[in-house]
Amino acid sequence: MNIKNTAISYITLGILIGAVVLFMLFSLGSDDNEASQKASSPFRRSPTSMNVFIVRPMGNELRFDVTEIRVKAGSQVKIIMENTASITSMPHNVTILKDDTALNRVITAATQVPGYIPLDAAILASTGTASPEASTDVVFTSPEPGVYTYLCTVPGHANSMRGVLIVE
Ligand SMILES: [Cu+2]
């Protein structure tokens, strides 16, 4: 009789502990769910809208149609090189420099590499070179406020295919 009672007590205790543990796990779990739902809410997430700019050549001339791009510091920027040129010898890119003193170095290095985008620390971002009737693009975070030169690094294009990225 005593043994039976003791066994029943242990079983009861076991069930109670189990229930408490399950309750705690459930509470923690539901808290986590609530937190993640709040985090994924579009109204609580800070909006990071993409600033999209399309840059084209002026027909078959060595000029960009957009020569000034303005963005706020720390914003997401997408630049598209939409190469509307019709002459096959007119590939173009938009390459933005962090540092204008590297301009000549980058232009010279560009002549040495296929695709005309050299590996250079002074390059902030580059769309890569688009063949005529093709498009390329690049997404980057705008740097600290300042005026940054962008150019087409295809040999012979850099003197006239230029613009400025103004970061405010
Ligand atoms: Cu070009």
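This passage walks through a sheet, a nonpolar core and a few loop residues of a predicted model.

The sheet is a good place to start. Three strands make up an open sheet, arranged in the order S1-S3-S6 and with mixed pairing. Strand S1, covering 50-55, and strand S6, covering 135-141, sit at the edges, and each of them pairs on one side only. On average, neighbouring strands of the sheet are turned by 15° against each other, if direction is ignored. Strand S3 takes in residues 76-82 and runs antiparallel to S6, with seven bridges joining the two. Along this pairing, Ile79 is found opposite Val138 of S6.

Ile79 turns up again in the surroundings of Val94, so to speak, as one of its contacts. Once neighbours within four places in sequence are left aside, Val94 is in contact with Val55, Ile79, Met81, Thr127, Tyr150 and Cys152. Val94 also stands out in the largest nonpolar core, which counts 22 residues: together with Ile96 and Cys152, Val94 touches the most other members. Two or more residues of this core come from each of S3, S4, H2 and strand S7, the last of these spanning 146-151.

Next come the loops. The one between helix H2 (103-110) and strand S5 (123-126) holds Tyr116. Is this residue, Tyr116, buried or exposed? Tyr116 is buried, because 23 other C-beta atoms lie within 10 Å and 20 or more are enough for that label. The backbone of Tyr116 is worth a look too: its phi is positive, at about 65°, although Tyr116 is not a glycine. Most residues other than glycine have a negative phi.

Glu133 shows a positive phi as well, near 65°, and is likewise a residue other than glycine. Its place is in the loop between S5 and S6. Glu133 counts as exposed, since it has 12 C-beta neighbours inside 10 Å and the label applies at 12 or fewer.

Ser89 belongs to the loop that links S3 with strand S4 (95-97). With 9 other C-beta atoms within 10 Å, Ser89 is exposed. Which residue, 43 residues apart from Ser89 along the chain, has its C-alpha atom 7.9 Å from that of Ser89? That residue is Pro132.

Key. Residues numbered from 1 in each chain as written. Predicted model: local features only at pLDDT ≥ 70, side-chain atom pairs only at ≥ 80, totals over all residues. Pairing = 2+ DSSP bridges. Helix = DSSP H or I, 4+ residues; strand = E, 2+ residues; numbered from the N terminus. Axes fitted to C-alpha atoms, helices over the stretch in contact; angles between N-to-C directions. Core = buried A, V, L, I, M, F, W, Y, C linked by C-beta atoms within 7 Å. Contact = placed C-beta atoms within 7 Å.
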